[in-house]
Amino acid sequence: MNFAVLQFPASNCDQDAVHAARLLGHSARLVWHKDAALGDADIVIVPGGFSYGDYLRCGAIARFSPVMQAVKQFADNGGLVLGIRNGFQVLTEAGLLRGALIRNRDLQFHCEFIHLKTATTKSPFSRRIPAGKLLRVPIAHGEGCYFADADTLAALERNDQILWQYCDAAGNVTDSANPNGALQNIAGICNERRNVAGLMPHPERAC
Amino acid sequence: MKAKIIITPKKAVLDPQGKTVQTALAQMGYTGIADVHIGKYIEIDLAPGTDKAMAQKMLNDAAHRLLSNPVIEDYKLELE
């Protein structure tokens with residue numbers, strides 16, 4: 001597959017994403033935020049970092065960049081888009097994913113390994129994860145607390161759009177295993193069409 | 001003409017900053033504080049001669065699309 005990894009001012013996980021994609025045998029290249037075309041991309045990665053200095057709100061400015069207009073069109077045509085950490089924030093701000101990411105409940109930046117439970121394998125992003133297998137992946141964020149109103153949460157559950165939840169080493173989804181206060185321990189979700197996903201943890205750092 | 005936009009977290013949204021400040025105020029001995037919410041204040045200077053009704057419409061649009069996130073925040077726009 002051809003991976004297009006976006007690069008905003010202050011992205012800092014873009015090279016990691018390119019490295020991870022190549023490590024897995026795919027081709028990958030960086031796409032600058034001012035580019036308005038994605039070329040032959042099969043999948044777009046919106047990487048982690050602090051795009052545009054996280055000014056105003058995380059992801060709020062990146063959403064209006066030329067490349068994000070191309071990403072919206074790409075997603076509307078069914079293209080695969082994965083947002084990691086700041087990328088997840090950008091996708092929620094852009095309205096490609098529902099809800100928002102707010103300040104961690106303890107106000108601290110969390111940089112640690114956590115466990116993830118895959119809540120559904122019914123998505124291109126999670127379908128090859130063996131049933132019941134827990135993922136051990138690092139997180140590194142200060143604003144990763146997933147929030148959505150009650151109607152949105154109910155819709156996510158009803159449509160099986162919650163992809164990953166924070167859990168303990170035994171796979172229990174508990175409050176003490178929740179690093180940031182995310183509602184229902186949500187670490188990652190997808191859209192209704194299942195071609196756009198976002199998560200706060202860093203799978204590219206676990207390759 | 002000046003526009004003042006006050007952005008606050010929605011009541012249903014966890015506001016850990018507000019809670020922390022509330023706790024600090026209580027520890028300092030300030031009593032009677034029921035709740036603290038921390039938001040943002042944005043001041044925009046408008047060019048001389050700008051039509052007030054047009055500015056109101058434009059800034060409401062901007063506040064909705066960029067300056068606030070309607071999923072988690074409310075805003076109040078004042079023009080003076």
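**Reading helix α2 and its surroundings**

Modeller: Start with helix α2 of chain A, residues 66-76, in this predicted model. Its residues Val67(A), Met68(A), Ala70(A), Val71(A), Phe74(A) and Ala75(A) are buried.

Biologist: Why do these residues lie on the same side of α2(A)?

Modeller: Here is the general idea. An α-helix has 3.6 residues a turn, so residues three or four places apart point the same way. Now the case here. The buried residues span an arc of only 155° around the axis, which puts them on one side of α2(A).

Biologist: Which strands do the buried residues of α2(A) pack against?

Modeller: Five elements of chain A: β1 (2-7), β2 (27-32), β3 (43-46), β4 (80-84) and β11 (196-199). After the helix comes Gly78(A), with a positive phi near 95°.

Biologist: How many residues are in the largest nonpolar core, and which touch the most other members?

Modeller: In soluble globular proteins, nonpolar side chains tend to be buried together. Here the largest nonpolar core has 67 residues. Val5(A), Val44(A), Ile45(A), Val81(A) and Leu163(A) touch the most other members. Helix α2(A) gives the most to this core, 6 residues.

Biologist: What does Val5(A) touch?

Modeller: Leaving out residues up to four places away in sequence, its contacts include Ala17(A), Leu30(A), Ile45(A) and Pro47(A).

Biologist: In which sense do β6 and β7 of chain A pair?

Modeller: Strand β6 (residues 110-118) and strand β7 (residues 135-141) are antiparallel, over 7 bridges. Ile114(A) has Val137(A) as its bridge partner in β7(A). Strand β6(A) also joins β9 (residues 162-167) of chain A, antiparallel, through 4 bridges. There, Thr118(A) stands opposite Trp164(A).

Conventions. Residues numbered from 1 in each chain as written. Chains lettered and ligands numbered in written order. Predicted model: local features only at pLDDT ≥ 70, side-chain atom pairs only at ≥ 80, totals over all residues. Buried ≥ 20, exposed ≤ 12 C-beta atoms within 10 Å, placed from the backbone. Helix = DSSP H or I, 4+ residues; strand = E, 2+ residues; numbered from the N terminus. Arc of directions from axis to C-beta. Contact = placed C-beta atoms within 7 Å. Core = buried A, V, L, I, M, F, W, Y, C linked by C-beta atoms within 7 Å. Pairing = 2+ DSSP bridges.
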